[in-house]
Amino acid sequence: RDFCLSRGLGDVYKRQPLRFSSSELHVLQPGISSLKKEQDMKKYSRILIIVNLILLLGYFNWSVYKKEQILKDGQLVLLQLVPVDPRSLMQGDYMRLNYQEASSALVDEQTATRGYAVLRTDSNQVGEIVRLQNTLEPVNSGELVIKYKIVHHRLFLGAESFFFEEGQDTLYQKAMYGGLKVNDKGQNLLVGLYDKDFHRIQSDK
């Protein structure tokens, strides 16, 4: 701290800087260093938070871009649906999906937990798994590939829930197929549900 020295009435106060001896500075030094480290840590923490936010935003934008590309360029395939349990097919504002191909007889104890399911499609775009393989290739004419993973001894091929607006459950009860758009890397996106005549079911709202 500074102190003031008065020389009498009307004298000007002169402020002198507080001076410390070397021994006093030695005592104060650890506290000063600790304060500086704390300030540096706060600075680095702010920088780290900003960097993480930028990375998160970049990942989100990239995910949106990839989905848009699948919707634009992907090939449509219809997978037949079978209910896990008719009483639990509808759960509030979403529908549980169970693809018939998820229970393919091709799955056994030797099946890799992750790989590619090769499907052959008919004239109505309904897909049927013809083989499982560990790599993206080979793919023959009239075939497409979907990435899979084994979950509870079943093939997980894509989204297994379809969300709809409140009060639309009756409309979607007639769904017979789940429609997926699939790109050339085996990535897919659920685009809607289809009826027995292979028409996409549209909300009436």
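These are my notebook entries on a predicted model of a protein.

**Entry: overall make-up**

I began with the secondary structure and found two helices and 12 strands in the protein. Reading from the N terminus, I wrote the order of elements down as β-β-α-β-β-β-β-β-β-β-β-α-β-β. I then looked up burial, and of the 205 residues in the protein, 29% are buried. For the contacts, I took those between residues at least 6 apart in sequence, and 58% of these join residues at least 24 apart. The surface came next: the protein exposes about 14,700 Å², of which carbon and sulfur atoms supply 55%.

**Entry: the four-stranded sheet**

I followed one open sheet of four strands, whose order is S7-S6-S8-S9 and whose pairing is antiparallel. At its edges I noted strand S7, residues 127-133, and strand S9, residues 154-156, each of which pairs on one side only. From one strand to the next, the twist averages 45 degrees. As a reminder to myself, strands of a sheet pair through backbone hydrogen bonds, in either a parallel or an antiparallel sense. I then examined one pairing in detail: strand S8, which covers residues 143-151, pairs with S9 in the antiparallel sense over three bridges. Which residue in S9 does isoleucine 150 stand opposite? I found leucine 155 in that place.

**Entry: serine 104**

I located serine 104 in the loop that lies between strand S5 (94-96) and strand S6 (114-121). Is serine 104 buried or exposed? Its relative accessible area is 13%, and because buried means under 20%, I recorded serine 104 as buried. Leaving aside residues up to four places away in sequence, I found that serine 104 touches Ile129 and Leu155. Leu155 had already come up in my notes on the sheet, where this leucine in S9 stands opposite isoleucine 150, and Ile129 falls within the range of S7, 127-133.

**Entry: the largest pocket**

Finally I turned to the largest pocket, in which about 370 Å³ of space lies. The lining of this pocket has 16 residues, and those closest to its centre are Lys147, Gly186, Gln187, Asn188 and Leu189. Which elements each supply at least two residues of the lining? I listed helix H1 (22-73), strand S8 and strand S12 (188-194). S8 thus appears twice in these entries, as a contributor to the pocket lining and as the partner of S9 in the sheet.

Technical notes: Residues numbered from 1 in each chain as written. Predicted model: local features only at pLDDT ≥ 70, side-chain atom pairs only at ≥ 80, totals over all residues. Heavy atoms only, no water. Buried < 20%, exposed > 50% of the residue type's maximum accessible area, 1.4 Å probe, protein only. Contact = heavy atoms within 4.5 Å. Areas by Shrake-Rupley, 256 points an atom, 1.4 Å probe, with all protein chains shown as cover. Pairing = 2+ DSSP bridges. Axes fitted to C-alpha atoms, helices over the stretch in contact; angles between N-to-C directions. 1 Å grid on protein atoms, 1.4 Å probe; cavity = no way out; pocket = protein on both sides within 12 Å on 5 of 7 lines; lining within 4 Å. Points joined across faces, edges and corners; volume = space filled by probe spheres on them.
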